[in-house]
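This report is an introduction for a reader who is meeting the structure for the first time. Please keep the sequence and the 3D view at hand while reading.

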Amino acid sequence: MTASNPLHDESTTAHLDSTAHLMNRISSQLASQLSLVSRDGRRRPDAPALVVVAHGSRDPRALSTVRALLDKVRAQRPGLPVHLGHIELNEPLLPDTLAALDTDRAILVPLLLSRGYHVKRDIPEMAAEARVHARVAPALGPHPLLVEALYARLVEAGWRTRMDEPTRRRTAVVLAAAGSRDPESKLDTSQTAHLLANRLGVPVIPAYATTASPTVADALRTLSARGRTRVAIASCFTAPGRFATESAQAAPWMASAPLGTHPAMARLLLHRYDQMLNTRVTTAQELASA
């Protein structure tokens, strides 16, 4: 944008925004229609229900955020039955959601950002005990749509999309995540950090609020020792809560908000759902008995 012609630039931006919005709507509607057709061209039976599986939190903001995110999913895919189930702490619990479904098929998409015990054991075991035929999708991350949401939240917090080279050499990001004892969870978070670093053009170190290492404080000390004095916290959390709050409070410069209801998160949930429609994968019952 130049100062010499601000009106032209604003109108151009508005046009681009409206075009992007239109393309997103077209893509969503096309995906909805394609999901009804099998690869041999025959119409599928009624689509399985989408059950988004959240962890659950004692923070009331988490439940309201997740419900708002599901509303965005429904808006992007009208007609698709979308339900919510929790692993713990909040109602409805996943077994209750599955018991109440008025269909015999469901695809469970974890609202979790990496692999771990919940994705690999808890959710499949709950699904295996249900009367419905349930398939469990992968965790949401790593994925470019997750990075899109992380990047957007940083920009909202004040991240400058352009910076000179001296500033860039002083800048870095700590990707703050919940943490897990599962080594595959750390691999996923590290891959997300790598993708985000490529997008930002600065180092991104993964760190954890609990269980795993390094901690957020450790990562900040490491970056400071490397001369990175301008460090942002990227909140790799789906909703507000204790871990997100504590991580943000440690930020020496800025901290982004949790991913929450960003449109890319809704698109990512639907992407995982569509993957399960179009790929032969192990069922929840098979996973639980493995």
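The sections below go from the whole chain to one helix, then to a residue within it, and then to several helix pairs and a separate site.

## The model as a whole

The structure is a predicted model, and its secondary structure comes to 11 helices and eight strands. Of the 290 residues in the protein, 47% are buried. Among the contacts with a separation of 6 or more, 77% are between residues 24 or more positions apart.

## Helix 7 and its ends

Helix 7 covers residues 183–200, and at 1.5 Å a residue its 18 residues should span 26 Å, which agrees with the 26 Å between its end C-alpha atoms. At the N-terminal end, D182 acts as a cap, with a side-chain oxygen lying 2.8 Å from the backbone nitrogen of E184. Just after the helix comes G201, which takes a positive phi of about 80°.

The buried residues of helix 7 are S185, D188, T189, T192, A193, L196, A197 and L200. These buried residues pack against two helices, helix 5 (144–157) and helix 6 (165–170), and also against strand 5 (171–177), strand 6 (204–208) and strand 7 (230–235).

## T192 within helix 7

Is T192, a residue of helix 7, buried or exposed? T192 counts as buried because its relative accessibility is 2%, and the cut-off for that class is under 20%. When neighbours within four places in sequence are left aside, T192 is in contact with P142, L146, V147, L150 and L175.

## Helix 5 against helices 7 and 10

The axes of helix 5 and helix 7 come within 10 Å and cross at roughly 55°, and that angle makes helix 5 oblique to helix 7. The crossing of this pair is right-handed. On the helix 5 side, L146, V147, E148, L150, Y151 and L154 take part, and they meet T192, L195, L196, R199 and L200 in helix 7.

Helix 5 also packs with helix 10 (residues 263–278), here at an angle of about 165° and with the axes 8 Å apart. The two helices are therefore roughly antiparallel to each other, a class that takes in angles over 145 degrees. Helix 5 passes helix 10 in a left-handed crossing, where L145, L146, E148 and A149 in helix 5 meet A264, M265, R267 and L268 in helix 10. L146 of helix 5 is thus named both in the meeting with helix 7 and in the meeting with helix 10.

## Helix 2 against helix 10

Helix 10 has a further packing arrangement with helix 2 (residues 60–76), at an angle of about 65° and with the axes 9 Å apart. Helix 2 and helix 10 are therefore roughly perpendicular to each other, and helix 2 passes helix 10 in a right-handed crossing. From helix 2, the residues L69, K72, V73 and Q76 meet P263, M265, A266, R267, L269 and L270 in helix 10. M265 and R267 of helix 10 are named in this meeting with helix 2 and also in the meeting with helix 5.

## A217 in helix 8

A separate site is A217, which lies in helix 8 (residues 216–225). A217 counts as partly exposed because its relative accessibility is 36%. Although A217 and A251 are 34 residues apart along the chain, their C-alpha atoms are separated by 9.1 Å.

Terms used. Residues numbered from 1 in each chain as written. Predicted model: local features only at pLDDT ≥ 70, side-chain atom pairs only at ≥ 80, totals over all residues. Heavy atoms only, no water. Helix = DSSP H or I, 4+ residues; strand = E, 2+ residues; numbered from the N terminus. Expected span 1.5 Å × (residues − 1). Buried < 20%, exposed > 50% of the residue type's maximum accessible area, 1.4 Å probe, protein only. Contact = heavy atoms within 4.5 Å. Polar contact = N/O pair within 3.5 Å; in protein donor to acceptor, adjacent residues only side chain to side chain. Axes fitted to C-alpha atoms, helices over the stretch in contact; angles between N-to-C directions. Parallel < 35°, antiparallel > 145°, perpendicular 65-115°, else oblique. Left-handed = near helix turned anticlockwise from the far one by under 90°.
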